[in-house]
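Welcome, and please get your viewer ready. We will go from one selection to the next, with a short look at each stop.

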Amino acid sequence: MVEFILRCSHCGREYPPSPDRYTCPHDGHNLDVILDYATLRRTLHPRQILTAQEPSIWRYLPLLPVEDPGGWGTPLRRVGWTPVEEAPRLREALGLPHLWVKDESPNPTASFKDRASAVVLARARQEGRDVVVTASTGNAGAALAGLAAALGIRAVIFAPHTAPRAKVAQLMMYAAQVYLVRGTYDQAYDLSLQAAARWGWYCRNTGYNPFTAEGKKTAALELWEQLLRRVRTTRPWAVFVPVGDGNIIAGLYKGFWDLVQLGWLPQMPRLFGVQAEGSAAVAQAFFAESQEIQPVQAHTVADSIAVDLPRDGYRALRAVRESGGTFVVVSDAEILEAMRLLGRFGWFVEPAAAASLAGLRKALEMGLVSGQDPVVLLLTGSGLKDVETAIHAAGQPPEIPPTLDALEQP
Ligand SMILES: Cc1ncc(COP(=O)(O)O)c(C=O)c1O
Ligand SMILES: [Zn+2]
């Protein structure tokens with residue numbers, strides 16, 4: 001396994017990895033995993049990864065701060081390596097000849113969150129932990145519950161009582177210990193931290209656990225392998241990412257940053273963070289040119305990105321600023337419209353995932369990207385995760401008697 005240290009994303013203090021080292025003891029900020037790049041540059045050739053046989057995140061083990069978790073013959077081995085699609089009809093509809101879509105719904109629990117849960121579970125296994133807890137708006141919990149079930153590790157999940165029912169069903173079906181908290185995701189988050197401290201559970205919480213971003217960086221490694229090194233372009237890439245806590249965008253940035261450190265990627269793609277109007281704490285800090293994120297009272301149809309106080313907001317700001325991207329804020333109506341548009345072209349996604357298309361459309365309108373730019377849309381979760389919203393967005397078909405006459409009526 002590659003050597004690494006933990007470095008505070010805020011003050012730069014460094015810490016050796018240890019089982020219960022989550023955040024910086026000095027200022028509470030999230031920790032980056034800093035790999036031993038000097039050794040990697042000497043000993044690892046990209047060919048070792050490009051010729052790997054495993055079609056999953058585990059092809060990147062040489063760049064991950066965990067040992068191989070095993071779990072052969074289980075869904076853990078098929079996390080990641082999701083398709084990048086050329087989307088010809090969507091390209092035409094948007095007037096973007098250089099658009100690609102990375103769809104995360106083929107993941108074992110049908111969202112991007114499997115990447116983080118898989119790597120955190122690998123870490124838990126390595127440290128001999130048998131209970132892992134997380135707070136979740138739904139997907140991170142489902143990912144932890146499903147993959148923990150595959151490994152025989154106990155999962156404890158705290159979700160807001162408003163979580164979509166399909167996500168709660170998934171948690172229950174994976175036989176996790178589930179608590180629906182009468183409160184917000186943020187309250188569930190604080191409660192999960194208290195419970196982890198009280199009972200000595202390993203905590204997966206998004207952002208707080210440094211290995212979550214390491215899991216999410218695998219999507220950047222895949223984009224590099226599947227797209228960036230294959231498609232030559234003189235224009236910088238733009239990647240559209242929905243932002244709630246900010247851990248996905250921070251993880252993508254980390255993956256691209258690792259590749260730049262290794263000398264395998266000449267230029268970082270621009271990261272465009274998309275937030276819902278009613279849950280835009282990070283975007284507001286970005287536009288105020290502030291490092292301090294003021295909490296909001298989140299309210300949006302996109303439950304996965306409904307967050308009062310983003311737990312990885314500081315690193316999300318860094319990701320967007322340092323990659324030369326920006327934030328885009330979209331309304332719920334624009335999110336639902338994007339969901340319907342994606343459906344028309346064959347992608348059935350949950351509202352948070354559709355936010356990335358809503359953000360791209362707005363960025364085009366505002367001239368933030370041009371029609372000739374190479375663009376990637378990250379679709380972070382399946383539409384089956386939130387069936388009620390899908391029905392609300394798409395409407396109900398007519399109910400008819402089983403007769404041909406019924407069809408022939410106007
Ligand atoms: C489907 C989906 N999209 C986007 C996000 C946002 O990710 P983050 O909270 O890391 O910004 C989430 C997080 O739960 C999610 O489940
Ligand atoms: Zn610090």
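Which residues come nearest to ligand 1? Keep in mind that this is a predicted model, then select ligand 1 and the 21 residues around it; G244, D245, N247, T380 and G381 come nearest. Three elements each give two or more residues to this shell: α5 (139-151), α9 and α13 (351-365). Colour the shell by class and you should find eight nonpolar, 10 polar and three charged residues.

Next, select helix α9, residues 247-262. Its end C-alpha atoms are 22 Å apart, which agrees with the 22 Å that 16 residues should span at 1.5 Å a residue. The helix is mostly covered, with 12 of its 16 residues buried; among them are N247, I248, F256 and L259. To see what covers these buried residues, show elements including β3 (31-35), α8 (210-228), β10, β11 and α11 (313-323). Just after α9 comes G263, which has a positive phi near 80°.

Now add the strands. β10 (residues 238-242) and β11 run parallel and are joined by five bridges. In one of these pairings, P242 has V274 of β11 as its bridge partner. Follow the chain from β10 through α9 to β11, and you trace a right-handed β-α-β crossover.

Finish on β11 itself, residues 270-276, where six of the seven residues are buried. Four bridges link β11 to β12 (residues 327-330), and these two strands run parallel. Select V274 once more: in β12, V328 stands opposite V274.

Notes. Residues are numbered from 1 along each chain as its sequence is written. Chains are lettered from A and ligands numbered from 1 in the order in which they are written. This is a predicted model: local features need pLDDT of at least 70, side-chain atom pairs count only at pLDDT 80 or more; totals for chains, interfaces and linings use all residues. A residue is buried if 20 or more other C-beta atoms lie within 10 Å of its own, exposed if 12 or fewer, and partly exposed in between; C-beta atoms are placed from the backbone. Two strands pair if DSSP finds at least two bridges between them. A crossover is right-handed if, with the strands pointing away from the viewer, the path from the first strand over the helix to the second runs clockwise. A residue is near a molecule or strand if its C-beta atom, placed from the backbone, lies within 6 Å of it. Ala, Val, Leu, Ile, Met, Phe, Trp, Tyr, Cys and Pro count as nonpolar, Asp, Glu, Lys and Arg as charged, and the others, Gly among them, as polar. The expected span of a helix is 1.5 Å times one less than its number of residues. Two residues are in contact if their C-beta atoms, placed from the backbone, lie within 7 Å.
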